[in-house]
Amino acid sequence: MSAVDLDSPAQSLFPHKSSSEIAWIGSAQLCLFFLGVAFASPHIHKDYSRGILASGSALSILSILFVPEAKTYGQVLVIQGILGGLGAGTLFASALGIQCHWFDEKRALAVSIVAGGGSVGGVCGPSASFFLSSSSSPVPPDWLTLCART
């Protein structure tokens, strides 16, 4: 079992859904992450980075805000799978594309610092979620885990 058990909040929200049905949410999110990167990358190199960054930020923020309000499986699939996936993909593509566009010298260092931020978030994020989801936390565990996932 990992530090953040992502299956139990989804099972508590949708007890009639199997684990394979719930896994479609994360699968859709990952698929649309890569489609978001594929869509955003060519547009960033044509100097549309501000629009791509704004749309990715808006999609990610909407996903984070609306996941706790979702009541049905379909709502979570659309909000987290589609909005969250596209938002994260466009933000990731813009973060790396902007570095490549603006740094001529030491480009490798700039890109590695940006990409390394994901590793730091991958280490610190689950630890913070585990700490906040303890019994003394004022944050409800279902809400926290679903928001941490986006």
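A disulfide is a pair of cysteine sulfur atoms within 2.5 Å, and by this criterion the structure, which is a predicted model, holds zero disulfides. Two cysteines may be described in this connection: C31 counts as partly exposed, at 43% relative accessibility, and C124 is likewise classed as partly exposed, with a relative accessible area of 45%.

In its overall architecture, the protein contains six helices and zero strands, and reading along the sequence gives the pattern α-α-α-α-α-α. Of the 150 residues in the protein, 29% are buried. Among the contacts between residues at least 6 apart in sequence, 69% join residues that are at least 24 apart. The protein exposes about 9000 Å², and 70% of this area is supplied by carbon and sulfur atoms.

The interior was examined next. The largest nonpolar core consists of seven residues, namely F14, I25, V67, A70, Y73, V76 and I79. Helix α4, which spans residues 73-102, contributes the largest share of this core, with three residues. One member of the core, Y73, lies in helix α4 and counts as buried because its relative accessibility is 16%, whereas the cut-off for a buried residue is under 20%. When neighbours within four places in sequence are left aside, Y73 is in contact with F14, K17, E21, I22, W24 and I25. For one of these partners, E21, the separation from Y73 is 52 residues in sequence, while the distance in space is 9.2 Å from C-alpha to C-alpha. Another core residue, I25, can be described in the same manner: with residues up to four places away in sequence not counted, I25 touches Y73, V76, L77, Q80 and G81. The pair formed by I25 and Y73 therefore appears in both lists of contacts, given that contact means heavy atoms within 4.5 Å.

Further pairs of residues illustrate how separation along the chain can be set beside distance in space. S57 has its place in helix α3 and counts as partly exposed, at 27% relative accessibility. S57 and A88 are 31 residues apart in sequence, and their C-alpha atoms are 8.1 Å apart in space. F39, by comparison, is found in helix α2, which comprises residues 19-44, and is partly exposed, with a relative accessible area of 46%. The C-alpha atoms of F39 and I52 are separated by 9.5 Å, and the two residues are 13 residues apart along the chain.

On the surface, I61, L62, L65 and F66 make a nonpolar patch of about 370 Å². One of its members, F66, is found in helix α3, which covers residues 49-66. F66 is classed as partly exposed because its relative accessible area is 42%, a value that lies between the limits of 20% for buried and 50% for exposed residues.

Charged side chains were considered in turn. Side chains of opposite charge can pair when their charged atoms come close. In this protein the count comes to one salt bridge, which D104 forms with R107, the closest N and O atoms being 3.4 Å apart. This distance satisfies the criterion, because a salt bridge requires a side-chain nitrogen of Lys or Arg within 4 Å of a carboxyl oxygen of Asp or Glu. The two partners fall into separate accessibility classes: D104 counts as exposed, at 65% relative accessibility, and R107 is partly exposed, with a relative accessible area of 34%.

Finally, the backbone at K106 was examined. K106 lies in the loop between α4 and α5, the latter helix covering residues 107-132. Although K106 is not a glycine, the residue has a positive phi of about 55°. K106 counts as exposed because its relative accessibility is 64%, and the cut-off for an exposed residue is over 50%.

Key. Residues are numbered from 1 along each chain as its sequence is written. This is a predicted model: local features need pLDDT of at least 70, side-chain atom pairs count only at pLDDT 80 or more; totals for chains, interfaces and linings use all residues. Side-chain values use heavy atoms; hydrogens and water are left out. A nonpolar core is a set of buried Ala, Val, Leu, Ile, Met, Phe, Trp, Tyr and Cys residues joined through side-chain atoms within 4.5 Å. Buried means under 20% relative accessible area, exposed over 50%, partly exposed in between (1.4 Å probe, protein chains only). Helices (H or I, at least four residues) and strands (E, at least two) are DSSP runs, numbered from the N terminus. Patches are made of residues with over 30% relative accessible area and no salt bridge: like charges are joined within 9 Å, nonpolar side chains (Val, Leu, Ile, Met, Phe, Trp, Tyr) within 5 Å. Accessible areas come from the Shrake-Rupley method with a 1.4 Å probe; for residues, only the protein chains shown count as cover.
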